[in-house]
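Open the model in your viewer and keep the selection panel at hand. Each stop below says what to select and what is there.

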Amino acid sequence: MIESALSYEKLYTDSHIEIAAKIIYNEARSVKDNCGVSGDCHRAAVIWCILNRVDAGYGDFEEVATAPN
């Protein structure tokens with residue numbers, strides 16, 4: 001009975017994680033923590049932007065993350 005209470009729907013795949021890691025590496029790797037905002041905040045903002053566009057209906061995670069420009 002406890003096992004059924006711990007079941008959950010997985011909202012992401014390994015492919016999503018790989019895409020997100022590549023985007024963070026390329027978009028936010030050069031951000032220094034000494035600019036007044038932590039590098040972690042910049043990296044989170046990159047993913048947050050993608051998720052906002054998914055929520056707005058521009059496509060699923062992979063479509064939005066791999067869209068040109």
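## Whole chain

Start with the whole chain: of its 69 residues, 17% count as buried. This is a predicted model. Show the cartoon. The protein chain has 4 helices and 0 strands. Read along the sequence, the pattern is α-α-α-α. Turn to contacts with a sequence separation of 6 or more: residues 24 or more positions apart account for 31% of them.

## Colour by confidence

Colour by pLDDT next. The mean for the protein chain is 83, and 80% of its residues reach 70 or more. Where is confidence lowest, and where is it highest? The low end is helix H1, residues 2–5, at a mean of 62. The high end is H4, at 94. Where pLDDT is low, the predicted coordinates should not be read in detail.

## The nonpolar core

Select Ile-19, Ala-20, Ile-23, Ala-28, Val-46, Ile-47, Ile-50, Phe-61, Val-64 and Ala-65. These 10 residues form the largest nonpolar core. Three helices each supply at least two residues of this core: H2 (14–28), H3 (39–55) and H4 (61–65). Which helix gives the largest share? H2 does, with 4 residues.

## Along helix H3

Now isolate H3. Check its length first. At 1.5 Å a residue, its 17 residues should span 24 Å, and the end C-alpha atoms are indeed 24 Å apart.

Next, pick out the buried residues of H3: Gly-39, Val-46, Ile-47 and Ile-50. They cover an arc of only 80° around the axis, so they sit on the same side of H3. What do the buried residues of H3 pack against? Their partners are H2 and H4.

Rotate to the face turned away from the buried side. Asp-40, Trp-48 and Asp-55 are the exposed residues carried there. Then step just past the end of H3 to Gly-57. Gly-57 takes a positive phi of about 95°.

## Zoom on Ile-50

Go back into H3 and centre on Ile-50. Is Ile-50 buried or exposed? Its relative accessible area is 8%, under the 20% cut-off, so Ile-50 counts as buried.

Show its contacts, leaving aside residues up to four places away in sequence. Ile-50 touches Ile-23, Phe-61, Val-64 and Ala-65. Ile-23, Phe-61, Val-64 and Ala-65 also belong to the largest nonpolar core, as does Ile-50.

Draw a C-alpha to C-alpha distance from Ile-50 to Phe-61. The two are 11 residues apart in sequence and 7.1 Å apart in space.

## Across to Glu-63

Move to helix H4 and select Glu-63. Glu-63 has a relative accessible area of 48%, so it is partly exposed. Draw a second C-alpha to C-alpha distance, from Glu-63 to Ile-50. Here the separation is 13 residues in sequence and 9.8 Å in space.

## Last stop: the cysteines

Select Cys-41 and Cys-49. How accessible is each one? Cys-41 counts as partly exposed, at 44% relative accessibility. Cys-49 is also partly exposed, at 32%. How many disulfides does a search of the whole structure find? The search returns 0.

How values were computed. Residues numbered from 1 in each chain as written. Predicted model: local features only at pLDDT ≥ 70, side-chain atom pairs only at ≥ 80, totals over all residues. Heavy atoms only, no water. Core = buried A, V, L, I, M, F, W, Y, C linked by side-chain atoms within 4.5 Å. Buried < 20%, exposed > 50% of the residue type's maximum accessible area, 1.4 Å probe, protein only. Contact = heavy atoms within 4.5 Å. Expected span 1.5 Å × (residues − 1). Arc of directions from axis to C-beta. pLDDT = per-residue confidence, 0-100. Disulfide = S-S within 2.5 Å.
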